Amino acid sequence: MPSTESAITYHEGDLRQVEENGELIYLFKGIDHTGAAKVFGITKHQIEKILERGSNIKIAQFLMIVVPGIVLVERIFQGLRRPLCDGDNMHADQIKQAFCWRPAFDYWWKEADRFDNSRIEFRESPDGKVFIVNVTPNQDKTHYPLSDYWVERWYWVRRSTNDLKCPVDFENRYDRKLK
Amino acid sequence: MPNPIADQITKAFGRAALKPFMPVAYYDKHMDCIRVELRDCSFTEERINPHVTFLEDNYPASHRNATAGIMIKGVKHFFASHGIPLEGIVYVTAILDQVVKQYPELAEERICKIVNELDLTVKMSEPEEISEPDELVPA
């Protein structure tokens, strides 16, 4: 299936837009648990949903933390220890991965600006927390050949006291540590 | 007044402006969870058990409750085991009612506060596309 590609204006080279299988997809670069270069994708439809909800902090975190920062990943886990059905896969929890690191910055609103949706500000990362990006390995390379991983969700979690680069209770959250 | 972060977002994604936030509930079919978000904020996810995670505002104002949402995980298993239909529109309060019945220790404060701020439903149907999550339907 041929892909078409078009440039996107943010941080040239960091994020690009392609069309695959009739769908627009944003792609950016990262690494996997072996350190090999990989391509991460998210559908434009998914980004549009977040924008339509007005979840502007979430979209700022994607653009300013996830896209430029996933290459800095420090810990990678596979298998979420909770029931998860994705499509026909009743055990999709086993293939999900969690990429974890501690970015320097986060994004927020000042309380006084809560009614002005253009006034997002950056600030130092929250103390004692790490950032997680949930991804799924692309299992449909025939129709979507360019992405190695699909990005699904991103958020902060309290960090472990046993390993400061890991989320709290990582021993019970995930099946195994890949990195 | 121009804001460089908002400007980068609108420029990157071809938007004229950012939209205002409204409390929302939606089904994320790839993560098989329902997310209820009461604020547009930076969240810390606090995992309580395999079915429930609270969303904590990382920087709440002093007069605000830090709990700014909840995530119900393993929805298909949970719905099936509690007789909640997997299709159509479901009231979020009905889902939380089942959560409280299974985990009564959570009912005292946090879920009650969320319920008090809610009048939301979530649409459970899955469109035939890879994109996600499903649309939400304010009540």
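At what angle do α2(A) and helix α1 of chain B pack, and how far apart are their axes? The points below take that up after a word on confidence.

1. **Status of the model.** This is a predicted model. It scores ipTM 0.89 and pTM 0.87. For chain B the mean pLDDT is 78, and 78% of the chain's residues reach 70 or more.

2. **The weak stretch.** Residues 126-139 of chain B have pLDDT that stays under 50. The model still has 34 contacts beyond four places in sequence for this stretch. Where pLDDT is low, predicted coordinates should not be read in detail. Treat those 34 contacts of residues 126-139 of chain B accordingly.

3. **The helix pair.** α2(A) packs against helix α1 of chain B, residues 4-12, at about 80°. The two axes are 10 Å apart. The angle falls between 65 and 115 degrees, so α2(A) is roughly perpendicular to α1(B). From α2(A), the contact is made by I59(A), A60(A) and L63(A). From α1(B) come I5(B), Q8(B), I9(B) and A12(B). By class, this contact of α2(A) with α1(B) has 6 nonpolar residues, 1 polar and no charged.

4. **The wider interface.** Across the two chains, 46 residues of chain A are in contact with 38 residues of chain B. On the chain A side, the elements giving two or more residues are α1 (44-53), α2 (56-69), β7 (105-108), β9 (129-137) and β10 (149-158). Which of them gives the most? α1(A) does, with 7 residues. The side of chain A that touches chain B divides into 20 nonpolar, 12 polar and 14 charged residues. Charged residues are therefore present on this side of chain A, whereas the contact of α2(A) with α1(B) has none.

5. **The largest core.** The largest nonpolar core has 75 residues. Those touching the most other members are A60(A), I9(B), I34(B), I70(B) and I72(B). The list has residues from chain A and from chain B. α2(A) gives the most to this core, with 9 residues.

6. **A60(A).** This residue turns up both in the helix pair and among the core members with the most contacts. What does A60(A) touch beyond four places in sequence? Its contacts are Y107(A), I120(A), I5(B) and I9(B). I5(B) and I9(B) also belong to the α1(B) side of the helix contact.

7. **I65(A).** I65(A) also lies in α2 of chain A. It has 24 C-beta neighbours inside 10 Å, and 20 or more are needed, so I65(A) counts as buried. Leaving aside residues up to four places away in sequence, I65(A) touches P103(A) and F131(A). The C-alpha atoms of I65(A) and C85(A) are separated by 28 Å, with their positions 20 residues apart along the chain.

8. **Chain B overall.** Chain B has 4 helices and 8 strands. Along the sequence they follow the pattern α-β-β-β-β-β-α-β-α-α-β-β. Of its 139 residues, 40% count as buried. Take contacts in chain B between residues at least 6 apart in sequence: 51% of them join residues at least 24 apart.

9. **D40(B).** D40(B) lies in the loop between β2 and β3 (43-49) of chain B. Is this aspartate buried or exposed? D40(B) counts as buried, because it has 28 C-beta neighbours inside 10 Å. Its contacts reach into chain A: G54(A), S55(A), N56(A) and I57(A) are among them. D40(B) touches F21(B) as well. P23(B) is 17 residues away along the chain, with its C-alpha atom 8.4 Å from that of D40(B).

10. **Positive phi values.** Two residues other than glycine are worth a look here. D32(B) has a positive phi of about 50°. D32(B) sits in the loop between β1 (24-28) and β2 (33-37) of chain B, and it counts as buried, with 25 C-beta neighbours inside 10 Å. For D169(A), phi is near 60°. D169(A) is found in the loop between β10 and α3 (170-173) of chain A. With 14 C-beta neighbours inside 10 Å, D169(A) counts as partly exposed.

Notes
Residues numbered from 1 in each chain as written. Chains lettered and ligands numbered in written order. Predicted model: local features only at pLDDT ≥ 70, side-chain atom pairs only at ≥ 80, totals over all residues. Contact = placed C-beta atoms within 7 Å. Nonpolar A, V, L, I, M, F, W, Y, C, P; charged D, E, K, R; others polar. Core = buried A, V, L, I, M, F, W, Y, C linked by C-beta atoms within 7 Å. Buried ≥ 20, exposed ≤ 12 C-beta atoms within 10 Å, placed from the backbone. pLDDT = per-residue confidence, 0-100. Axes fitted to C-alpha atoms, helices over the stretch in contact; angles between N-to-C directions. Parallel < 35°, antiparallel > 145°, perpendicular 65-115°, else oblique.
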